[in-house]
Amino acid sequence: MDARLNYFADPTAGKVLKYFMAAGKALKDSPLPAATQELVALRVSQINGCAVCIDMHTKDAAAAGETSVRLNLVAAWREATVFTEAERAALELAEEGTRVADAAGGVSDEVWAYAAKHYDEEQLTALVILVSFMNAANRLNIISRQPAGDYEPGQFH
């Protein structure tokens, strides 16, 4: 499969993506735990069906020491026993934040309170921005049909 657009060759995309990638780097440096960031990025990408982001976040998480068991169970996190309560809260917020069109009311007060129980305000802010960032990244890649499989861990960081 060939991509519809080459973002790296387009001057407008180059200008915009420079700032977009800088935002991603700022999120990586946030106080939200790195493992939580990768799990959330992976789950959002699974929901949206973004193959290139699933490829990237699975490989980056594995390179950072994440286990294959946890990575394989992200799609079924509700039934899995391998995630902490804080990770479960982040995954639930990520799902409701990604499925805003399906959930009419957006993120419920219960889901927000559960996340706030496990993360401070700075971490919650990073989590919300990460969910939004990943949804935008997924759409950029899905619309242009970016192919998956060739990503090397750390390639864009």
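**Close-up 1. D29 and its partner K25.** D29 sits out in the open here, with a relative accessible area of 54%, so it gets the label exposed. Keep in mind that this is a predicted model. D29 makes a salt bridge with K25, and the closest N and O atoms are 2.9 Å apart. K25 itself comes out as partly exposed, at 46% relative accessibility. A search over the whole structure turns up 8 salt bridges, and a few others get their own views below.

**Close-up 2. R43 and E95 join helix α2 to helix α5.** The closest N and O atoms in this salt bridge are 2.8 Å apart. R43 belongs to helix α2 (residues 34-48) and E95 to helix α5, so the pair ties together parts that are 52 residues apart in sequence. Are the two residues buried or exposed? Both R43 and E95 are buried. Zoom out a bit and the pair turns out to have company: R43, R78, E92 and E95 are linked in a network of salt bridges.

**Close-up 3. E87 and R70 bridge helices α5 and α4.** The side chains of E87 and R70 meet in a salt bridge at 2.7 Å, N to O. With E87 in helix α5 and R70 in helix α4 (residues 68-73), the contact ties together parts that are 17 residues apart in sequence, which is why it earns a panel. E87 and R70 are both buried.

**Close-up 4. E96, a buried charge with no salt bridge.** Now for a glutamate without a partner: E96 is found in helix α5 (residues 85-98). Which side chain of opposite charge is nearest to E96? That would be R78, 6.1 Å away. A salt bridge needs a nitrogen and a carboxyl oxygen within 4 Å, and E96 has none, even though E96 is buried. Leaving aside residues up to four places away in sequence, E96 touches G106, V107, S108 and V111. E96 also closes a stretch from the record: UniProt (unreviewed entry) places "domain: Carboxymuconolactone decarboxylase-like" at residues 16-96. That span is 73% helix and 0% strand, and its end C-alpha atoms lie 27 Å apart.

**Close-up 5. F20 and F133, a stacked aromatic pair.** The structure holds 1 aromatic pair. Its members are F20 and F133, stacked with 4.4 Å centre to centre and 15° between the planes. The pair links distant parts of the chain, as F20 is in helix α1 (residues 11-28) and F133 in helix α7 (residues 121-143), 113 residues apart. F133 counts as buried because its relative accessibility is 15%.

**Close-up 6. C50 and C53, two cysteines without a disulfide.** How many disulfides does the structure have? The count comes to 0. C50 is in no disulfide, and the nearest cysteine sulfur to it, that of C53, is 3.3 Å away. The same goes for C53, whose nearest cysteine sulfur is that of C50, at 3.3 Å. A disulfide takes sulfur atoms within 2.5 Å. C50 is buried, at 1% relative accessibility, and C53 is buried too, at 1%.

**Close-up 7. N138 in helix α7, touching both cysteines.** N138 lies in helix α7. At 0% relative accessibility, N138 counts as buried. Not counting residues up to four places away in sequence, N138 touches V44, S45, N48, C50 and C53. For another distance to check, N138 and I54 are 9.4 Å apart, C-alpha to C-alpha, and 84 residues apart in sequence.

**Close-up 8. G65 in the loop between α3 and α4.** G65 is found in the loop that runs between α3 (51-63) and α4. It counts as exposed because its relative accessible area is 57%. The C-alpha atoms of G65 and G24 are separated by 20 Å, with these positions 41 residues apart along the chain.

**Close-up 9. R145, with a positive phi.** R145 sits in the segment after α7. Most residues other than glycine have a negative phi. Phi of R145, however, is near 50°, a positive value in a residue other than glycine. With a relative accessible area of 43%, R145 is partly exposed.

Key. Residues numbered from 1 in each chain as written. Predicted model: local features only at pLDDT ≥ 70, side-chain atom pairs only at ≥ 80, totals over all residues. Heavy atoms only, no water. Helix = DSSP H or I, 4+ residues; strand = E, 2+ residues; numbered from the N terminus. Buried < 20%, exposed > 50% of the residue type's maximum accessible area, 1.4 Å probe, protein only. Lys, Arg positive; Asp, Glu negative; His and termini not counted. Contact = heavy atoms within 4.5 Å. Phe/Tyr/Trp six-rings, centres within 6.5 Å; stacked < 30°, edge-to-face > 60°. UniProt positions renumbered as here; feature names shortened; annotations may be inferred.
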